Amino acid sequence: MAGEEKSDRKVLKNRQDVDKKEPTLLDESVTYTFTELCNVCKVGDEFVFEMINEGIIAPIRAAGASPRSWMFSATNIKKVQMTVRLQEDLRVNLPGAALAIELLEELEQLRNRVGEE
């Protein structure tokens, strides 16, 4: 029983963490600046740079050399949020998160293909 209570507390703690980070509904036709991406996802500049270097996200428009002029899609925001969840909930490192996201995207594509047949 003591083990059950401990796991229940862990689940409750995770639920509280999720409640702090309410899901954000995103319009796929809207683009976001570098600063907006950081603000919406509640992450720092360095984390975004690391994700770009890892190939998880990429600016859709780089209007200039300055990262502040880069624009990102809602898909990029979703990937940042997924990466944060993978790191916080499962303690996955950035390369692991990149692989997990790539595999999830492939799975979604396969499901869509099967659904079309």
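How many salt bridges does a search of the whole structure find? In this predicted model, the search finds three salt bridges, and they are taken up below after an outline of the fold and of the packing around helix 3.

**Overall arrangement**

The secondary structure of the protein consists of five helices and three strands, and when it is read along the sequence these elements follow the pattern α-β-α-α-β-β-α-α. Of the 117 residues of the protein, 23% count as buried. Among the contacts with a separation of 6 or more, 55% are accounted for by residues 24 or more positions apart.

**Helix 2 against helix 3**

Helix 2, which spans residues 34-41, packs with helix 3, which spans residues 45-54, at an angle of about 105 degrees, and the axes of the two helices are 10 Å apart. Helix 2 is therefore roughly perpendicular to helix 3, since angles of 65 to 115 degrees count as such. On the side of helix 2 the contact involves Phe-34, Leu-37 and Cys-38, and these meet Asp-45, Val-48 and Phe-49 in helix 3. By character, the residues of this contact divide into five nonpolar, no polar and one charged.

**The two sides of helix 3**

Within helix 3 the buried residues are Phe-47, Val-48 and Met-51. Seen down the axis of helix 3, these buried residues fall within an arc of 100 degrees, so they line one face of the helix. An α-helix has 3.6 residues a turn, so residues three or four places apart point the same way. What covers the buried residues of helix 3 includes helix 2, helix 4 and helix 5, whereas on the other side of helix 3 Glu-46 and Asn-53 are exposed. Just after helix 3, Gly-55 takes a positive phi of about 85 degrees.

**Salt bridges**

Side chains of opposite charge can pair when their charged atoms come close. The three salt bridges found are set out here with their N to O distances.

| Salt bridge | N to O distance |
|---|---|
| Arg-68 and Asp-45 | 2.6 Å |
| Lys-79 and Glu-105 | 3.0 Å |
| Asp-89 and Arg-85 | 2.9 Å |

The side chains of Arg-68 and Asp-45 meet in a salt bridge, and this pair links distant parts of the chain, with Arg-68 in the loop between strand 2 (61-62) and strand 3 (70-72) and Asp-45 in helix 3, 23 residues apart. Arg-68 counts as partly exposed because its relative accessibility is 47%, and Asp-45, with a relative accessible area of 28%, is partly exposed too. Asp-45 is also among the residues of helix 3 that meet helix 2.

A salt bridge also joins the side chains of Lys-79 and Glu-105, and this pair likewise links distant parts of the chain, Lys-79 lying in helix 4 (residues 74-90) and Glu-105 in helix 5 (residues 94-116), 26 residues apart. Lys-79 has a relative accessibility of 16% and so counts as buried, the cut-off being under 20%, whereas Glu-105, at 32% relative accessibility, counts as partly exposed.

The remaining pair, Asp-89 and Arg-85, lies within helix 4, and because the residues are four apart there, Asp-89 and Arg-85 are separated by about one helical turn. Asp-89 counts as partly exposed at 40% relative accessibility, and Arg-85 counts as partly exposed at 46%.

Methods. Residues are numbered from 1 along each chain as its sequence is written. This is a predicted model: local features need pLDDT of at least 70, side-chain atom pairs count only at pLDDT 80 or more; totals for chains, interfaces and linings use all residues. Side-chain values use heavy atoms; hydrogens and water are left out. Axes are lines fitted to C-alpha atoms, for helices over the stretch in contact, and angles run from 0 to 180 degrees between N-to-C directions. Angles under 35 degrees count as roughly parallel, over 145 as roughly antiparallel, 65 to 115 as roughly perpendicular and the rest as oblique. Contact means heavy atoms within 4.5 Å. Ala, Val, Leu, Ile, Met, Phe, Trp, Tyr, Cys and Pro count as nonpolar, Asp, Glu, Lys and Arg as charged, and the others, Gly among them, as polar. A salt bridge is a side-chain nitrogen of Lys or Arg within 4 Å of a carboxyl oxygen of Asp or Glu. Buried means under 20% relative accessible area, exposed over 50%, partly exposed in between (1.4 Å probe, protein chains only). The arc is that of the directions from the helix axis to the C-beta atoms.
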